[in-house]
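This report introduces selected local features to a reader new to the structure. The sequence and the structure are shown first, and the text then takes up backbone, helix and surface in turn.

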Amino acid sequence: MAFFLPTVSVKSILDITPQLLHAMGVNTILLDVDNTLAVHGAQEPFPGAVEWTKQMSQKGFRIIILSNNFEKRVAPFAQKFSLPFLSFSMKPFPMAYTRAMRKLGARRKETVAVGDQIFTDVIGANLSGVKSILLAPEDLEDTLSFRIRRALEQPIRRRAERIGRGSQYFKE
């Protein structure tokens with residue numbers, strides 16, 4: 001079960017603070033796009049997402065967008081955030097995680113992957129040896145494959161919540 005569990009679980013990207021990331025011992029953030037920075041398929045970011053990435057960069061965090069989407073989708077989006085990106089990442093396979101860390105000069109133990117899907121973002125982070133932050137999806141996709149994956153995620157999300165996944169990082 002630990003293979004499917006995130007290091008930390010929060011509601012949205014705006015719940016990720018510099019204090020949380022410092023407590024986790026990370027200085028590098030690998031960001032998913034859909035349901036992390038924007039509604040699935042949308043080019044308009046969630047309110048506050050651009051400002052959040054700018055604040056994190058100003059605090060010294062290295063950030064890259066790591067998406068399974070094609071460059072046609074990711075490039076204009078990354079431009080709005082002024083962030084480097086890797087598209088068609090084939091998450092959960094670890095190759096793109098490794099490429100992203102190499103591109104930023106990051107070490108595994110100092111890196112966190114942030115996304116909304118267990119079977120891509122969390123498993124990919126675990127296979128890559130990096131920490132993960134699982135977000136609650138803001139918008140539920142309506143394709144059959146997504147509905148199946150979201151249904152399969154529910155017991156894992158409940159378990160992460162029940163055991164207080166990441167609660168040690170929120171202690172004052």
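In which loop does Phe88 lie? In this predicted model, Phe88 is placed in the loop between β4 and α4. Pro92 is found in the loop between β4 (85–86) and α4, and a cis peptide bond with an omega of about 20° joins Lys91 and Pro92. As a rule, most peptide bonds are trans, and most residues other than glycine have a negative phi. Two residues with a positive phi are set out below.

| Residue | Phi | Loop | Relative accessible area |
|---|---|---|---|
| Asn35 | near 65° | between β2 (28–31) and α2 (49–58) | 1%, buried |
| Phe88 | about 45° | between β4 and α4 | 46%, partly exposed |

Asn35 is buried because its relative accessible area of 1% is under 20%. Phe88, at 46%, falls between the limits of 20% and 50% and is therefore partly exposed.

Helix α3 spans residues 71–81, and its buried residues are Arg73, Val74, Phe77, Ala78 and Phe81. These residues lie on the same side of α3 because they cover an arc of only 105° around the axis. Such spacing follows a general pattern: an α-helix has 3.6 residues a turn, so residues three or four places apart point the same way. Lys72 and Gln79 are exposed on the other side of α3.

On the surface, a patch of positive charge is formed by Arg99, Arg102, Lys103 and Arg108. Of these residues, Arg108 is located in the loop between α4 (95–104) and β5 (111–115). Arg108 is partly exposed, with a relative accessible area of 38%.

How values were computed. Residues numbered from 1 in each chain as written. Predicted model: local features only at pLDDT ≥ 70, side-chain atom pairs only at ≥ 80, totals over all residues. Heavy atoms only, no water. Patch = residues over 30% accessible without salt bridge, like charges linked within 9 Å, V, L, I, M, F, W, Y side chains within 5 Å. Areas by Shrake-Rupley, 256 points an atom, 1.4 Å probe, with all protein chains shown as cover. Salt bridge = Lys/Arg side-chain N within 4 Å of Asp/Glu carboxyl O. Lys, Arg positive; Asp, Glu negative; His and termini not counted. Charge placed at Lys NZ, Arg CZ, Asp CG, Glu CD. Helix = DSSP H or I, 4+ residues; strand = E, 2+ residues; numbered from the N terminus. Buried < 20%, exposed > 50% of the residue type's maximum accessible area, 1.4 Å probe, protein only. Arc of directions from axis to C-beta.
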